[in-house]
Amino acid sequence: MAFSVPASASIVISQGATGTGNNVLFQNVLGEGTTSLSTDTNLGDRVTFTSNEALTVPASGAARISAVDGSLNNLEWHLSDPTLGYDLGVFNINVPNQNGGPATSVTVYAYDQNNTEFSNTFNLGNGQNFFTVDSDDLQSITSIRFEAFGGIVDDVRQVRIDGITSIAAVPEPSTWAMMILGFFAIGAMTYRQRKNIALRAA
């Protein structure tokens with residue numbers, strides 16, 4: 001299924017950490033050891049993480065999420081409240097240094113309030129790999145996910161989100177065009193009916 005992307009709207013996915021935001025603390029965790037885990041940001045907004053792997057939050061070290069069996073290769077996260085979106089997402093994919101089949105590349109996906117998909121593929125290095133997902137004024141990010149290729153990643157850490165706001169679907173240009181044509185057609189029909197009534201009365 002193909003999605004059309006409005007020319008005036010964009011979500012940019014880039015390598016590196018740009019901006020700051022509310023830290024996902026990985027405290028008050030629900031769903032430890034399952035494929036769907038939720039936790040809070042430092043401002044109390046709930047974030048849900050999902051994967052095809054059972055997920056865990058290691059007890060020590062940085063705020064991070066990993067697979068129970070250590071073989072994380074995909075992860076998705078979104079605000080638990082479906083009426084909310086955000087403007088900026090930053091995260092760090094930590095790739096293992098040992099000979100365990102570290103991932104060599106990753107595709108990062110982001111979705112907006114219209115469920116339009118944006119994506120970009122990057123090479124991964126050993127250790128820390130920061131990524132930024134940034135939306136323009138017309139978009140809100142509703143979900144971020146990644147798929148790693150060529151192996152596994154240790155964990156995802158330093159997840160931050162910023163600009164949390166209520167979202168509403170923004171009509172695409174083709175929708176606006178159809179609405180305007182519809183209003184024009186209704187106006188033309190009303191005009192013709194009034195003209196016919198005036199002619200009959202005369």
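Start with the whole protein chain in cartoon view: you'll find one helix and 15 strands. Keep in mind that this is a predicted model. Of the 202 residues in the chain, 39% are buried. Switch to a surface and you're looking at about 10700 Å² of exposed area, with carbon and sulfur atoms supplying 55% of it. As for how the chain meets itself, take the contacts between residues at least 6 apart in sequence: 69% of those join residues at least 24 apart.

Next, select residues 127–135. That's strand β12, and it is mostly covered, with seven of its nine residues buried. What does β12 pair with?

- Select residues 11–15 for strand β1, which pairs with β12 in the antiparallel sense over five bridges.
- Then add residues 88–95, strand β9; eight bridges join β9 to β12, and these two also run antiparallel.

Now zoom in on T132 in β12. Show S14 as sticks, and you have the bridge partner of T132. Show V90 too, since V90 also stands opposite T132. While the sticks are on, a general point to look out for: in a regular strand, side chains alternate between the two faces of the sheet.

Last stop: select Q113. Look for Q113 in the loop between β10 (105–112) and β11 (117–123). Is Q113 buried or exposed? Q113 counts as buried because its relative accessible area is 15%, and the cut-off for buried is under 20%. To finish, display S140 alongside: the side chain of Q113 reaches the backbone nitrogen of S140 at 2.8 Å.

Technical notes. Residues are numbered from 1 along each chain as its sequence is written. This is a predicted model: local features need pLDDT of at least 70, side-chain atom pairs count only at pLDDT 80 or more; totals for chains, interfaces and linings use all residues. Side-chain values use heavy atoms; hydrogens and water are left out. Helices (H or I, at least four residues) and strands (E, at least two) are DSSP runs, numbered from the N terminus. Buried means under 20% relative accessible area, exposed over 50%, partly exposed in between (1.4 Å probe, protein chains only). A polar contact is a pair of N or O atoms within 3.5 Å; within protein, one must be able to donate a hydrogen and the other to accept it, and residues adjacent in sequence count only if both atoms are side-chain atoms. Two strands pair if DSSP finds at least two bridges between them. Contact means heavy atoms within 4.5 Å. Accessible areas come from the Shrake-Rupley method with a 1.4 Å probe; for residues, only the protein chains shown count as cover.
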